[in-house]
Amino acid sequence: MKWKTEKYNFILAGLFVLMAGLIVAWKLPKREDCYIHMGIAVYDLNDTFMEKYIRTLQDMIEKTEIAGRKISYEIYNADGKNKKQEKQLQYMYAQEYDIMLVNLVEPASAASVLNEAEEKEIPVILYNREVAEKDLQIVKDVWYVGTDGKAAGEIQGKLLKELWDKQKQSVDRNQNGKLDYILIEGEESHYDTIRRTNGFLESGRELPLKQLGNLTADWKREIALEKFAKLDEETIRNTEAVVCNNDDMALGVYDYYKKHQMKLPVIIGINNSQEMNQKIRLGEIYGTVDNNMEDQAARIYEIMKSVLNGVIDKYDKIWYSMPYEIVNSDISEEK
Amino acid sequence: MKNKKISIRVIFPVVMSASIAACIISCILLFSYYFSTYFQKDAIEKIGKQRDFLAQSLETQIENINVLINRIYYRNIKKYDVDSARFAEEMEQQIFLEEKCLYGLALYDIDGESIWHSGTFAEQEDAKEMAWFLQAKENIETISYGRRRLVLPQEDSYVFEISRYVEYIKDGNMRSGILLMEYYTDSVDEILSHYRNQKSAYCYLLDDQKNMLYHPFDKEIASGLYKEKTIEAALSCKNYRIEKADGQQWLIEGQQIGYTGWNMVVVNSMDSLVLESHNLHYLVWFILLLIGVILIFLDTLVFHNFTNPIYRLLRTMEKFGKGDYNARAQEEGIGELKNVSIHFNIMADKLQEQMEEIRRNEREKQNMEKKLLQSQINPHFLYNTLDSIIWMIRSEEYDGAGEMVSLLAKFFRISLSQGKDMITLEKELEHASSYLAIQNIRFKDKFEFHVDADPELLKYFCPKLSIQPLLENAIYHGMDGMYEDGEIEIRIYEKNGDIKIDVSDNGPGMIQEKIDYIMHNKVVSSKRGSGIGVCNVNERIQLIYGKNYGITISSELDEGTVATITIPKMEEMDEQ
């Protein structure tokens, strides 16, 4: 009898210890993750501008430590396909990232993306491709970092006007007193396309502009080349200037002229890509607009750091970098 | 004892029942609480899913509209000079293709001057003051979703005013302008009307200015019969909100529709949502109550099964305690309880055995005592009698001596009686007579004696040597100092069914103190007597027959003393 009681006591004590252990194990804080996890969605890394953008961001992120934790990040390239990005985003929500940087393929679908991210309590920094301001108001922890497209377009107009004013004779090849130009736009209904074009049109109002053609080349060099080649020769011969929404498309036009070994017209792009910059230095291309991508990356970086430190209302929801012009002054003087 | 009995039998089941009832009630409450929370959560989730679905459908529809307006813009307006015939042709074609949903199209320049509009379109004079115009002009990159407008009053159709900034070609140059598209609300209404549109469950759509774009009870609202009260609540809440209105709980879930800034609100009466759960509630309550009742019943049953044997055992023990040594407990009950009864019975058996043994021992002891008493016949009597005989022989009274010897022989024979304890009255009387005769001879006829016995009674038994001590007493106390006129009488008669034996003398009598002394002290009247006292005889009779029998002595001074033995009529007595 006594032995039995002792046995029961023993079992009871064992159970008690087991339960206490379970409770302690459950209550104990889980081992701190030594990394901050971040997901970066990019609409298309084949876009030279985006590629450079991401590289700049990567450099910044890799150098960073927040509260002694390094940042581990993954980059999701959607190759410009909305369906692919949707899948990637679903995967990203499931990863429970601490923060997400999203460059949407389809900015119109921002609302659902933001709603889902909020449900998972993931702060989102949108960049490069702007979304409707109304959608940004749906959720709290979201920011947009971009560039002032209209200002960039206005700079294009200004550059063209400066050139016209100074070297009207050499620019007006057919001497009709008008500036015959072709406009090559980026993606249809893309905010930057509309804004850059709008800016250019507004600042170019004082010029005797005559539009010979208007192409849409989806920001891409090959498409620009292809579509430009389809214009009739008469138009191309009369073209005195080609204004492009970005550098890649400008280089596409440049490719056409080089291919046909024709005299280059005045070409203006936006972004100040490396190749463009080189061509400008060589005097082959007139100018471009720098979107101040470093500033944007820096801004993203700042917001990111602030959010990860728990400060969420320090920065405005929408921020634009100020673009500036890049021209080879020698050439512009010389011409 | 009685109180305690009541309390434990009553209090225990009451406490148990109360505990069970408390547990069941707690269960019911907890269950109700968790279930209603669960059902509420479930309902919220369910409605949330419906809301998400509706919102998604709306967003898809919005996207279609966006695609349409962009197509018109990029494929027509941006492509053809507005003054060219191709432009108008293409635009009309577009309207024709989308006749089902397009009511009208109009293109204005940035200063609000009309450039082109479709046939059905009613030109708006002050276009540049209109909200759709200003909005589109301000947000050049987005498509603006304006208010809802009633068109074709006879057909009661509504259109959305959708506008966007465009660049059109005129005279070979690009110019800024605003495109207005009037789009029938039907496609959007259709999506929302899929939702159950009852008073207890409906959804509505607001634009970013809180104007109603769709409401199932549009007409009632217009005629003032219905008022939507949930707008403020819907816009101020994040995901869902439960609001009290009209004495009901309303679940309000709002969601902003992407791109447009519209807000879609789903309103559901909480009562009708949770209604389905009520049946389940009642079922579970019923089951829990049933379990409770069964538990209480079982509890009482088990308790009774538990206590009843104990109480029966208790009663048996009481009976046993009161002297009924044959009382035994029923060996019943559960487990240990049965053992208690069994062990009680074993104990009772043992106890009874021991009692029997003690009684047997006691009786043996008494028998021994009796035997001892009988054998205590004083040898002085024998010596004296023998002395008398010797003296009689010396004085040559041979006849007297012979009689004396034969009397003595009779006396001793009966005295011994083969060791029997009970002898017939006849024998006892004979014994008494022989004693008297011997004493009479010895005392030289100092007294006379008579025996008057009912011959009917002589066959009955009486304890041996019960009369002789009385006679001894009568001789030594009654005859003392008497000369030749002493008289001793023995009478045996029946009275009240008992046998009475009177031994009376005509002596000087005794005072009460002396009677008491004789009755209560183990004294013998004479050293020369049989050695058995009156008190002894009395005790013996009472030992054998009970307290109702025995010896009584009454005496009157100078008159005499009567000692009476009362014994029952007994034919035979077991010799024990």
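Author: Buried means under 20% relative accessible area, exposed means over 50%, and partly exposed covers the range in between. The structure discussed here is a predicted model.

Reader: Is R175(B) buried, partly exposed or exposed?
Author: The side chain of R175(B) meets that of D171(B) in a salt bridge of 3.9 Å, N to O. D171(B) counts as exposed because its relative accessibility is 53%. R175(B) has a relative accessible area of 34%, so R175(B) is partly exposed.

Reader: Which residues are joined into one network by salt bridges that share partners?
Author: Chain A holds such a network, in which the salt bridges have partners in common. The residues joined are R221(A), D255(A), E275(A) and K279(A).

Reader: How many salt bridges are there over all chains?
Author: The rule counts a side-chain nitrogen of Lys or Arg within 4 Å of a carboxyl oxygen of Asp or Glu. Over all chains, the count of salt bridges by this rule comes to 35.

Reader: Which residue of chain A meets K78(B) in a salt bridge?
Author: K78(B) is buried, because its relative accessible area is 6%. K78(B) lies in the loop between helix 1 (2–77) and helix 2 (85–97) of chain B, and its partner lies in strand 7 (residues 179–185) of chain A, so the pair joins two chains. The partner is likewise buried, with a relative accessible area of 1%. At 2.2 Å, N to O, the side chain that meets K78(B) is that of E185(A).

Reader: How many residues apart are D218(B) and R148(B)?
Author: The side chains of D218(B) and R148(B) meet in a salt bridge of 3.3 Å, N to O. D218(B) is partly exposed at 24% relative accessible area, whereas R148(B) counts as buried at 18%. The salt bridge between D218(B) and R148(B) links distant parts of the chain, with D218(B) in helix 5 and R148(B) in strand 3 (residues 143–151) of chain B, and their separation in residues is 70.

Reader: Which side chains make polar contacts with that of T230(B)?
Author: T230(B) lies in the loop between helix 5 (218–222) and helix 6 (231–236) of chain B. Its relative accessibility is 8%, so T230(B) counts as buried. One polar contact, of 2.7 Å, is with Y204(B), and another, of 2.4 Å, is with E228(B).

Reader: What is the phi of N128(A)?
Author: N128(A) is placed in the loop between strand 5 (124–127) and helix 5 (133–136) of chain A. N128(A) counts as buried because its relative accessibility is 12%. Its phi is positive in a residue other than glycine, near 70°.

Reader: Is D79(A) buried, partly exposed or exposed?
Author: D79(A) also has a positive phi, near 55°, and lies in the loop between strand 3 (69–77) and helix 3 (82–94) of chain A. At 28% relative accessibility, D79(A) counts as partly exposed.

Reader: Which residues form a negative surface patch together with E125(B)?
Author: E125(B) is in the loop between strand 2 (114–117) and helix 3 (131–138) of chain B. Its relative accessible area is 70%, so E125(B) is exposed. The other members of the negative patch are D111(B), E113(B), E123(B), D126(B) and E129(B).

Reader: What accessible area do the residues of the nonpolar surface patch have together?
Author: Residues of this patch include L280(B), F286(B), I294(B) and L301(B). F286(B) is located in helix 7 (residues 270–321) of chain B. Together, the residues of the nonpolar patch have an accessible area of about 970 Å².

Conventions
Residues numbered from 1 in each chain as written. Chains lettered and ligands numbered in written order. Predicted model: local features only at pLDDT ≥ 70, side-chain atom pairs only at ≥ 80, totals over all residues. Heavy atoms only, no water. Patch = residues over 30% accessible without salt bridge, like charges linked within 9 Å, V, L, I, M, F, W, Y side chains within 5 Å. Areas by Shrake-Rupley, 256 points an atom, 1.4 Å probe, with all protein chains shown as cover. Lys, Arg positive; Asp, Glu negative; His and termini not counted. Charge placed at Lys NZ, Arg CZ, Asp CG, Glu CD. Helix = DSSP H or I, 4+ residues; strand = E, 2+ residues; numbered from the N terminus. Buried < 20%, exposed > 50% of the residue type's maximum accessible area, 1.4 Å probe, protein only. Polar contact = N/O pair within 3.5 Å; in protein donor to acceptor, adjacent residues only side chain to side chain.
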